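Please open the structure in a viewer and keep the sequence panel visible. The tour below proceeds by selections, from the whole chain to individual side chains.

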Amino acid sequence: MSWFKRQENKIESGGEKTVRTEGLWIKCENCDQVIFKADLEANSYVCPKCGHHFRIGARARIEMLLEPGFEIVDTELKSTDPLNFSDLKSYKSRLKKARHDTGLNDAIINALGQLGPHSVVLSVMEYAFIGGSMGAVVGETIARAVDRAYDMRRPLVIVAASGGARMMEGIVSLMQLAKISAALARLDEAKVPYISVLTDPTTGGVTASFAMLGDLNIAEPGALIGFAGPRVIEQTIRQKLPEGFQRSEFLLEHGFLDAVVNRKDMKPYLIRALDFMKH
């Protein structure tokens, strides 16, 4: 007597017949080539076909620059709604969604760690958090990074990625430009190096303040950098702008940047720069 029921092995016509590839491939927005995601990650999120630099998050940026064992600091601050701002979607709800999506309290992360042999203070902006806009918390967090660099006499590196001042906080946001600039002036007087790294995009009040105040201002290739956007400028002056206007290479050619550095070369470049500044 059989103790089990024999069943036929059948392949159901409605069953899964294909291998899922969703999320394994990414299309480059510059050259339209389809790239295997693993290859893109291995190449520091730079298109292996055309060299286009994809936008990356603050955490990934920190891991690319600092040695393992770095410390994340200044994470306790949270934005409020000082103006009780309300447009199509309330500011409070946008903050809540941004925190959920990014896992951050705001558009900035401060870290202490080693950049090669150098102990540094690193501050990195997160564009995915309401366009990397700078409100009171972003401004205060960057000011704290500057103060840490001053107190510890460690070089400061700020990686900018921002649409500018956060309009939902009005004058409170604009005050951050002066606050950070004043802190950087104090750092300069103490002869503590500050390197500004500008990534795509760096615009508005961020460009008009700390992003262009570095002892060394460097950018990734193809990054949009400026105060007002190109479309706004064209509509204002009623003229067609030159090809590549406000991109890294254009700014380097016209003396607004010290260097344009590929992402995979950024860490060794910063280490060499700090080696030079140390002496």
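Begin with the contacts of the whole chain: among those with a separation of 6 or more, 67% are between residues 24 or more positions apart. The model is a predicted one. Display it as a cartoon, and nine helices and ten strands can be traced in the protein chain. Along its principal axes, the C-alpha trace spans about 95 × 50 × 40 Å. Switch to a surface representation next: the accessible surface of the protein chain amounts to about 15,900 Å², with 53% of it belonging to carbon and sulfur atoms. Of the 279 residues, 43% count as buried.

**First selection: residues 28–50**

Select residues 28–50, which an unreviewed UniProt entry annotates as "zinc finger region: C4-type". The C-alpha atoms at the two ends of this span lie 9 Å apart. Helix makes up 26% of the span and strand 13%.

Within the span, show the side chains of C28, C31, C47 and C50, where UniProt places the feature "binding site" (unreviewed entry). These residues span 23 residues in sequence, yet no two of their C-alpha atoms are more than 8.8 Å apart, so they gather at one spot.

Centre the view on C28, in the loop between β1 (25–27) and β2 (34–36). Is C28 buried or exposed? Its relative accessibility is 0%, and C28 therefore counts as buried. Beyond residues up to four places away in sequence, C28 touches Q33, I35, C47, C50, H52 and F54.

Move to C47, which sits in the loop between α1 (37–42) and α2. C47 has a relative accessibility of 2% and counts as buried. Its contacts, leaving aside neighbours within four places in sequence, are C28, C31, I35, L40, H52 and F54. C28 and C47 thus appear in each other's contact lists. C31, by comparison, is partly exposed, with a relative accessible area of 23%.

With the cysteines still displayed, how many disulfides does a search of the whole structure find? The search finds zero. C47 is in no disulfide, and the nearest cysteine sulfur, that of C50, is 3.7 Å away. For C31, the closest cysteine sulfur is likewise in C50, at 3.7 Å, which is too far for a bond. The cut-off applied to a pair of cysteine sulfur atoms is 2.5 Å.

**Second selection: salt bridges**

Now display the charged side chains. A search of the whole structure finds 15 salt bridges; the following stops include some of them.

Select R61 and E220, whose side chains meet in a salt bridge with an N to O distance of 2.5 Å. This pair links distant parts of the chain: R61 belongs to helix α2 (residues 58–65), whereas E220 lies in the loop between β8 (216–219) and β9 (225–226), 159 residues apart. R61 and E220 are both buried.

Next, select K92 and D81, a salt bridge in which the closest N and O atoms are 3.3 Å apart. K92 is in helix α3 (residues 91–102) and D81 in the loop between β3 (71–73) and α3, eleven residues apart. D81 counts as buried, at 12% relative accessibility.

Continue to K240 and E234, joined by a salt bridge of 3.8 Å, N to O. K240 is exposed, its relative accessible area being 72%, whereas E234 is partly exposed at 24%. Then select E76, E140, R144 and K179: salt bridges that share partners join these residues into one network.

**Final selection: F210**

Return to E234 and draw a C-alpha to C-alpha distance to F210: the two residues are 26 Å apart in space and 24 residues apart in sequence. F210 is located in the loop between α6 (204–207) and β8. What is the relative accessible area of F210? The value is 0%, and F210 is buried.

To see the surroundings of F210, show its contacts other than neighbours within four places in sequence: M125, M134, I142, I158, A160, I180, L184, Y194 and S196. The tour ends at this residue.

Note on methods: Residues numbered from 1 in each chain as written. Predicted model: local features only at pLDDT ≥ 70, side-chain atom pairs only at ≥ 80, totals over all residues. Heavy atoms only, no water. Buried < 20%, exposed > 50% of the residue type's maximum accessible area, 1.4 Å probe, protein only. Salt bridge = Lys/Arg side-chain N within 4 Å of Asp/Glu carboxyl O. Helix = DSSP H or I, 4+ residues; strand = E, 2+ residues; numbered from the N terminus. UniProt positions renumbered as here; feature names shortened; annotations may be inferred. Contact = heavy atoms within 4.5 Å. Areas by Shrake-Rupley, 256 points an atom, 1.4 Å probe, with all protein chains shown as cover.
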